[in-house]
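Visitor: I'm new here and I like to know the reasons behind the labels. Could you show me the structure and let me quiz you?

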Amino acid sequence: MKNPFKFYEPQENQSFILQQAENKNSTEPEAFKISKNLKTNEEYIKKRFRIPENNDVIYRSFELKGGKKAFAVFIEGMVNSAFVSSNIIETMQFIPFLQEGTISIKQDEIIEKFVSHCQAVATDDINQVIDEVNFGGCAVFVDGVNKGFTMDVRSWGHRGIDKPENEQTIYGPQEAFNEMLRNNSALIRKILKTEKVICKAIKVGKESKTRGVIMYIDDIANDSLVNEVERRIKGIDVDYIFSVEELGNFIRDNKFSITNQLLTTERPDRTARYLADGRVAVLLNGSPTALICPTNAYELTHAASDSYMNSVFVNAARTIRLLSMALSVLLPGVYLALTLFHQEMIPTYLLYSISASRENVPFPSVLELILMDFSFEMIREAGLRMPGALGSTLGIVGGLILGQAAVSAKIVSPIMIIIIAITGIGSFATSDYSLGWSYRILRLIFIVLGASLGFFGISAGVFLYAVYLASLTNFGIKFLSPLPGNGGVKVFSSIFSPSIWSEEFRPDYLHTKNNKKEAKISRSWLSGRDK
Amino acid sequence: MERLSHKDLTAILINVMYVKLLLTIPRNMILIAGNAAWLLSVYVTAVMLLLFFLITKIYDFEKPLLDIKSPALRIGTGIAVSLVLLLSMTSVAKIYPETVKIVLLQNTPIEIIIGFIAVVAVLGAFIGIEPLGRISSLFQPIAAVVMVLCFLFLIPHMKIGNLTPVLGNGIKNITVKGLTTLYGFSDIILLYILNTKNENGKGKIKAGYKSIIIMGIIMTVTTAVYCLIFPYSVSSNYVLPLYQMVRLIQIGDFFGRFEAFFEFVWSISILLYYSIYLYTLSYVWQKTFNLPYLKPLATPFIIIVSSIIYNTPSFTQLNKNYTVYATALGVSCVLIPAVVSLIRRGEK
């Protein structure tokens, strides 16, 4: 045991300071051509994968039936070991054909005749082989063959197809995307069931080479829209990219925006609907969401459940949602404007009640509001980071006990608790999470405007925000599309939901190849066409 | 310059004309025609339609207003147009901050109100005319709903007897003096200045007719409602007739102050007006002097406008010079396109 009263010289290894590393830009690997000499290939592969330093990269050499040498390389945990053993190593060990004298003329037939695996490729591009191994493939090199063989044996741990967590509905399918690209594209294909759905492969990130797909329906989506999405994605120059949301932030039109302009969904049915409208979806491996391009300001306020209900009920729900969103942004600012500048607008008895409740509160209304709003945001953030059960407990502790205590201690007035509670509930009604953040920032701006210039400040804020929204674009369409000038009815049907049988056309701002969605009289028995 | 759709241009024209209706027009009509203000409104609308019809016969709408080959004539026209726009803008810009101070912000210094309006107007102009056009289109149905609601709630206050005598202050006042109220349509000058996406003269002519007719209807209904509510002589005393009307609205005991909605519409309309005018002024200046950019001009122009309104007497005193500025605005909106057509013919 160390003597606590004695000074010990610090040892060299105890005082580690992270030094500046040698600046090394990521460089292209040296050019290499797959050789007929197995030893050369082996040395290159070992160097490239840093074997044996890399513990999970498996190098396995084996001998074919005629005595010829070969080796396989794959990453443990990313492949199905049973497949590698039975479909690759075992099969190859018994290929009688791979013997001296016959191999050079038959090398292109190896996969066709002897590899019993569904996805296998022979290539002379070493980078393609390396990419496949990095993405869960198994590469095989055979002595005397100047090609590499890659087999898709990827199999790694992943979630199953669960229920959607953020876009729950009572009606409609209950499936959500997971982190597997092919699962996700298959879920969409399963709904659309047409060969016109195109899944164009993309790779993003110079190092990560994250795989993804651009999905669209060939005879509906505008080609220039598809090309633009592809052009932007191909133009991303970054080492690593991990999620579709990051990708969205790269490819969006406006670099800095206080409003969310990205529509992402975790629901395959919702994605399929957008594709059927003529939009483009981007899926990325490892992301349980699809990015929809383009979108407009109105669609961000829609919910997944809207598609499955009678339009009357949907419109009632949307009205409540829009009012809730408006309240979550404007209510605190309007309250301050009313109490600080326009008291004459408050009915007398309500004014008495408000002033009586504020009688012993030491802070001015603005400070009181900002204090409560900040506390509410703290509780919300903390609730999100806590495990499920603790999160709800925190909500009760924060909301009920803290609120009650603050009122009893006369730090805040009861009316302020009501204002913050309505604002908070309103913000939870926002269907898009990022839009919720945008509204939180706007709320602060409106608090400042309402507190400094009353209703006039709030009107000016609404005016500037509206003009700002109108100036934004999203993949070649105006963010406030459909343009009000092109017919108020279209704006109305964008904010509210028309009946399913009256949606004759696809959104005209998407300029689709086929604008007609359904017949003029889609319920044909009404026109007698069914006879 | 950004280009507008014809519908957005119509919305912009209606909005800027509507602002004058919100502030001064009904009172000036009452002062001239008495109870027959609504008749005067019908009359000036008809006169304006006739004048516009005559302009369409001589003016080439496919060319922008300042498309004049001779630099001297272009600069002369540009300066004349700028002065008209400045006059029109300052007349509103003077009234609005004072009204905001009286009605909404009694304890806030007028300098702060003017400064804030200036900042908002510059930001609006900086964002561009296309978003302003779009917001004008989007905002109009909201403004229309609020106006209709106001009028519906005012029905209990209306008395048909207030409309008599039908010819108010006399036929001469309506037909001769009443012509000064043509300035209510003076903002039609923007039609000749602003560019549209499809440089199609017919679309612009349609936008002109539409905006004059719609504005005429709104003006007639508003003045008629005002006349129906307040008997003459009382009606001539109120500086802001529309605001005075909406103050009468009572919906039960709780919603006693409906004017909050009105003030919201009022503020947004006027801020749109400021930004649109500021943008147009900058554009005229850019075209006149062949400048590469127009948006940086918005700041110096708002400083000029703010300085003018800060250093001129109160708008009630300005009303004494009503005839001069109303005539100047009313005449210029007809004269400028006519003169430009003559210049273009001379150049041919």
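Visitor: Why is A:Glu377 called buried?

Guide: This is a predicted model, and in it A:Glu377 has a relative accessible area of 14%. Buried means under 20%, so A:Glu377 earns the label.

Visitor: And what makes A:Glu377 and A:Arg380 a salt bridge?

Guide: Their closest N and O atoms are 3.3 Å apart. The rule asks for a Lys or Arg side-chain nitrogen within 4 Å of a carboxyl oxygen of Asp or Glu, so the pair counts. Both residues sit in helix α12 (residues 365-385) of chain A, three residues apart, which is about one turn of the helix. A:Arg380 is buried as well, with a relative accessible area of 11%.

Visitor: How many salt bridges are there over all chains?

Guide: The count comes to 41. A:Asp277, A:Arg279, A:Glu299, A:Glu503 and A:Lys517 even link up in a network of them.

Visitor: What makes A:Glu167 and A:Arg270 a salt bridge?

Guide: Their closest N and O atoms lie 2.6 Å apart, and the limit is 4 Å, so they pass. This pair links distant parts of the chain, 103 residues apart: A:Glu167 is in the loop between β5 (148-152) and α6 (181-192) of chain A, while A:Arg270 is in helix α9 (residues 268-277) of chain A.

Visitor: Are A:Glu167 and A:Arg270 buried or exposed?

Guide: A:Glu167 comes in at 11% relative accessible area and A:Arg270 at 9%. The cut-off for buried is under 20%, so A:Glu167 is buried, and so is A:Arg270.

Visitor: Why do you say that A:Asp223 and A:Lys513 tie parts of the chain together?

Guide: The two side chains meet in a salt bridge, 2.9 Å from N to O. A:Asp223 lies in helix α7 (residues 223-234) of chain A and A:Lys513 in the segment after α16 (488-495) of chain A, so the bridge joins parts that are 290 residues apart in sequence.

Visitor: Why is A:Asp223 called partly exposed?

Guide: Partly exposed is what lies between buried, under 20%, and exposed, over 50%. A:Asp223 has a relative accessible area of 38%, so it falls in between. A:Lys513 gets the label too, because its relative accessibility is 42%.

Visitor: Let's turn to the strands. Why is strand β2 (residues 69-75) of chain A described as largely enclosed?

Guide: Six of its seven residues are buried, so the rest of the structure encloses most of it.

Visitor: How do you know that β1(A) and β2(A) pair?

Guide: Pairing takes at least two bridges, and strand β1 (residues 57-63) of chain A shares seven with β2(A), in the antiparallel sense. One facing couple is A:Ile58 and A:Phe74. The two strands form a hairpin with five residues between them, and A:Gly67 in that turn has a positive phi of about 95 degrees. β2(A) also runs antiparallel to strand β4 (residues 137-142) of chain A, joined by four bridges. There, A:Val73 has A:Ala139 as its bridge partner.

Visitor: What makes A:Lys478 and B:Glu130 a salt bridge?

Guide: Their closest N and O atoms are 3.6 Å apart, and the limit is 4 Å, so they qualify. The count between chain A and chain B is one salt bridge. Helix α15 (residues 433-471) of chain A gives the most to the side of chain A that touches chain B, with 16 residues.

Key
Residues are numbered from 1 along each chain as its sequence is written. Chains are lettered from A and ligands numbered from 1 in the order in which they are written. This is a predicted model: local features need pLDDT of at least 70, side-chain atom pairs count only at pLDDT 80 or more; totals for chains, interfaces and linings use all residues. Side-chain values use heavy atoms; hydrogens and water are left out. Buried means under 20% relative accessible area, exposed over 50%, partly exposed in between (1.4 Å probe, protein chains only).
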